[in-house]
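The following paragraphs lead the reader through a single model, beginning with its charged side chains and ending with its nonpolar interior. Please consult the sequence and the structure alongside the text.

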Amino acid sequence: MNIIQNYINIKNEIKQISEKTKLIVVSKSQNVQKIKFLLDSGHYDFGENKVQEAKQKWPLLIKNYNNVNLHLIGKLQSNKAKDAFNIFNFIHTLDNDKLAKILANLENSNNKKANYFIQV
């Protein structure tokens, strides 16, 4: 089964369970053309687990598709916090005080808010 058909099948299954559930398509290691197809189909929630990979492929996509919600689903190292803050709307892996302080400082100095999932 190809990626697009698999996406459609999963989306339909989720819709049967709940209209409120959001599907986050993990696009790690996928090329921009496959991502564009999903964007053109109206899907805007994507997950990446590597800041460097996201930094390479998402800025232009986000510029062209302003409804994108990009989720960081992998471990975030403090030295990559600034890049992650600039790219992602949601950070799922806030797991320590140092990282929380860095992200809070970035929010204060950039007048931007992100959404966080805190690991305890």
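How many salt bridges does the structure hold? In this predicted model, there are six salt bridges. In general terms, side chains of opposite charge can pair when their charged atoms come close. Several of these pairs are taken up in turn below.

The account begins with Glu53, a residue of helix α3, which spans residues 51-64. The side chain of Glu53 forms a salt bridge with that of Lys57, with an N to O distance of 2.9 Å. Where do the two partners stand relative to each other along helix α3? Glu53 and Lys57 are four residues apart in that helix, so about one helical turn separates them. Are these two residues buried or exposed? Glu53 has a relative accessibility of 18% and therefore counts as buried, the limit being under 20%. Lys57, at 9% relative accessibility, is likewise classed as buried. Apart from neighbours within four places in sequence, Glu53 is in contact with Ser27, Lys28, Ser29, Gln30 and Glu48.

A further salt bridge is formed by Lys113 and Glu107, whose side chains meet at 3.5 Å, N to O. Here Lys113 is exposed, at 63% relative accessibility, whereas Glu107 is buried, with a relative accessible area of 13%. Elsewhere, salt bridges with shared partners join Glu48, Glu53 and Lys57 into one network.

Within that network, Glu48 belongs to strand β2. Its relative accessibility is 0%, and Glu48 therefore counts as buried. The side chain of Glu48 is also joined to that of Trp58 by a polar contact of 3.0 Å. Beyond its neighbours within four places in sequence, Glu48 contacts a number of residues, among them Ser27, Lys28, Glu53, Ala54, Lys57 and Trp58. The contacts of Glu48 also include Leu70, His71, Leu72, Ile73, Gly74 and Phe88.

Another salt bridge pairs Asp83 with Lys55, the closest N and O atoms being 3.3 Å apart. This pair links distant parts of the chain, for Asp83 lies in helix α4 and Lys55 in helix α3, 28 residues apart. Asp83 is partly exposed, with a relative accessible area of 23%, and Lys55 is also partly exposed, at 39% relative accessibility.

Which residues beyond its sequence neighbours does Lys80 touch? Not counting residues up to four places away in sequence, Lys80 touches Val51 and Gln52. Lys80 is located in the loop between β3 (69-72) and α4 (81-87), and it is partly exposed, with a relative accessible area of 27%. Although Lys80 and Val51 are 29 residues apart in sequence, their C-alpha atoms are 7.1 Å apart in space.

The aromatic residues come next. The structure holds one aromatic pair. It consists of Phe46 and Trp58 in a tilted arrangement, 5.1 Å centre to centre and with 50° between the planes. Phe46 lies in strand β2 (residues 45-48) and Trp58 in helix α3, so the pair ties together parts that are twelve residues apart in sequence. Both Phe46 and Trp58 are buried. An aromatic ring also takes part in an arrangement of another kind: the charged end of Lys112 sits over the ring of Phe85, 4.7 Å from its centre.

The account closes with the nonpolar interior. In soluble globular proteins, nonpolar side chains tend to be buried together. Which members of the largest nonpolar core touch the most other members? That core has 28 residues, and those touching the most other members are Leu39, Phe46, Trp58, Phe88 and Leu103. The elements that contribute two or more residues to this core are α1 (3-17), α2 (32-40), α3, β3, α4, β4 (90-94) and α5 (97-110). Leu103, when its neighbours within four places in sequence are left aside, is in contact with Ala81, Phe85, Ile91, Leu94 and Tyr116. Phe85, whose ring lies beneath the charged end of Lys112, is thus met again among the contacts of Leu103. Trp58 likewise recurs: it is a partner in the aromatic pair with Phe46, a partner in the polar contact with Glu48, and one of the core residues that touch the most other members.

Definitions and conventions: Residues are numbered from 1 along each chain as its sequence is written. This is a predicted model: local features need pLDDT of at least 70, side-chain atom pairs count only at pLDDT 80 or more; totals for chains, interfaces and linings use all residues. Side-chain values use heavy atoms; hydrogens and water are left out. Contact means heavy atoms within 4.5 Å. Buried means under 20% relative accessible area, exposed over 50%, partly exposed in between (1.4 Å probe, protein chains only). Rings of Phe, Tyr and Trp (its six-membered ring) pair if their centres lie within 6.5 Å; planes under 30 degrees apart count as stacked, over 60 as edge-to-face and the rest as tilted. A charge sits over a ring if NZ of Lys or CZ of Arg is within 6 Å of the ring centre and within 35 degrees of the ring normal. A nonpolar core is a set of buried Ala, Val, Leu, Ile, Met, Phe, Trp, Tyr and Cys residues joined through side-chain atoms within 4.5 Å. A salt bridge is a side-chain nitrogen of Lys or Arg within 4 Å of a carboxyl oxygen of Asp or Glu. A polar contact is a pair of N or O atoms within 3.5 Å; within protein, one must be able to donate a hydrogen and the other to accept it, and residues adjacent in sequence count only if both atoms are side-chain atoms.
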